Structures are given as structure tokens and as C-alpha cells.
Amino acid sequence: LAKLPKLEQIFEVSSPELRVRTTTSLEHAQDVHAMCTQLLPELEAELGAAPTRRLQLFLFTARADYEATLDALGVGEHKLVAGVALPRPPVAMVCMEGMPEEIARGVILHETTHLFTYAVSRSALPAWYSEGVADSFGGTGTYTWDGSKLTVKGFFDQARIEALKPEGGTLPLRDFLEANQFEQWRRGREVGLAFYAQSWAFL
């Protein structure tokens, strides 16, 4: 918190497993905490392990605050994307400015999955596997949240899968397996989204 920009209000909901801090409202913090609390046992079943430390999730409504925090933590290169999970310091952060609620929830689940993975393994996972797993739990179409029940591991957004099928829609296999997700985002938003869809499909 000492590294955060000056914020007027921070709302927090915490349990032994998860702490959610947000600049939105207490009600939003409660909703996200309830959703992500249901995600944790799903991830434990998938990965076969549980974190020994509380997971930390921080949500920003203003892009400027998100970017200032990334700079303060020395990870300004992550400004390219709206969400990031860090192994050190162990925190996931999401910028929700201009993002539809349903998309924001997916990004939150996606980054919480990354954070959980960092907490249970020191392995350096290839980008396709890391992003494929994260989108299995927070990708477009793979989850639903009705305010009380979370379901995950559904089928990915069909339109994004169809977009992969034309010639040139996917990376060649060797390039795909060796790809870095940030390099894909630097090539453009559509290229980045296609890499995530291909990662989900390949996994």
C-alpha cells in the first residue's frame, strides 16, 4: 500500500485465503471476493496444490492509478495489458477503466488464476500453457457468475475460435510454443487476443 498513488478511498474484503482491495465500492469488493473465493477450490483441483499464503488482488477504476502503481513496483512494461499478476510482490492487479462488467470479471478470474499458479509453483511455465489455463477459468465464454454461483471451464467464445481457422489465423506451431504473450500484444490487440484463443484451444 505504501507504493500506491494517493487514492481517496480503498475498499477491502478479506479472508484467510484472499484479500480483495478495490477503488470501486464495498459492494463490488464483496462481489469479487465471493466470486474468486469459489474459484480457489476449482484451481486447487486443477493444479493439485493450494497456496500457503493469502492471495492479494487489487482492482483499479482509473488507468492513471493502475499505471502509477505499476511504475512504483518497477513493472511499467505491463501497462500494455489491463491486468497483471506478479510473483514478487505477490499481487494481481486489474484496471477496469472502460471495460464492460462481464469482461472485467473475466480479467479478474484470469489474473487470479495466474496469481494462484505463482503461489503453488516456482516453475517457469511456457506462455501458451500459462495463458491457456488462465483462460480456462476466466476467458470469454469459459465462465459464468450469477452473483452467487461461479462455473468455469466452459467453451471459449466461438467467434474468436472461428477467427483462428482461416489461413494465417494461428501462429505456426514452433513459433506458438516459443511465443511470449507480451510480444504478441506489442504486435497489436487482435494479435494478442488471437494468441490467447489459440492457447486455450491448444491446451
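Helices here are DSSP runs of H or I with at least four residues, numbered from the N terminus. One thing to keep in mind for every view: this is a predicted model.

**View A. Helix H8 and its residue Phe202.** H8 covers residues 189-202, and Phe202 is part of that helix. Its relative accessible area comes out at 41%. The partly exposed class sits between 20% and 50%, so Phe202 counts as partly exposed. Look around Phe202 and you'll find a nonpolar surface patch that it forms with Leu173 and Leu177. Together the three residues offer about 270 Å² of accessible area.

**View B. Helices H4 and H8 packing against each other.** Two packed helices are described by the angle between their axes and the distance between the axes. For H4 (residues 127-138) and H8, those values are about 85° and 8 Å. Angles from 65 to 115 degrees count as roughly perpendicular, so that is the label for H4 and H8. On the H4 side, the contacts come from Ala127, Trp128, Glu131, Gly132, Asp135 and Ser136. Across from them, H8 brings in Phe195, Tyr196, Ser199, Trp200 and Phe202. Phe202 therefore turns up in two views: it meets H4 here, and it is partly exposed.

**View C. Two histidines in helix H1.** H1 runs over residues 26-47 and holds His28; His33 lies in H1 too. Leaving out residues up to four places away in sequence, His28 touches Thr22, Leu59 and Met96. From His28 to Leu57 the C-alpha to C-alpha distance is 13 Å, with their positions 29 residues apart in sequence. His33 has a relative accessible area of 11%. Buried means under 20%, so His33 is buried. With the same sequence neighbours left out, His33 touches Val13, Ser14, Ser15, Leu18 and Val20.

**View D. A cis peptide bond at Pro89.** Zoom in on the loop between strand S4 (83-86) and strand S5 (91-95), and there is Pro89. The peptide bond leading from Arg88 into Pro89 is cis, and its omega is near -5°.

**View E. Lys153 and its positive phi.** Lys153 isn't a glycine, yet its phi is positive, at about 65°. You'll find Lys153 in the loop that links strand S7 (150-151) and helix H5 (158-162). Its relative accessibility is 47%, so Lys153 counts as partly exposed.

Note on methods
Residues numbered from 1 in each chain as written. Predicted model: local features only at pLDDT ≥ 70, side-chain atom pairs only at ≥ 80, totals over all residues. Heavy atoms only, no water. Patch = residues over 30% accessible without salt bridge, like charges linked within 9 Å, V, L, I, M, F, W, Y side chains within 5 Å. Areas by Shrake-Rupley, 256 points an atom, 1.4 Å probe, with all protein chains shown as cover. Salt bridge = Lys/Arg side-chain N within 4 Å of Asp/Glu carboxyl O. Buried < 20%, exposed > 50% of the residue type's maximum accessible area, 1.4 Å probe, protein only. Axes fitted to C-alpha atoms, helices over the stretch in contact; angles between N-to-C directions. Parallel < 35°, antiparallel > 145°, perpendicular 65-115°, else oblique. Contact = heavy atoms within 4.5 Å.
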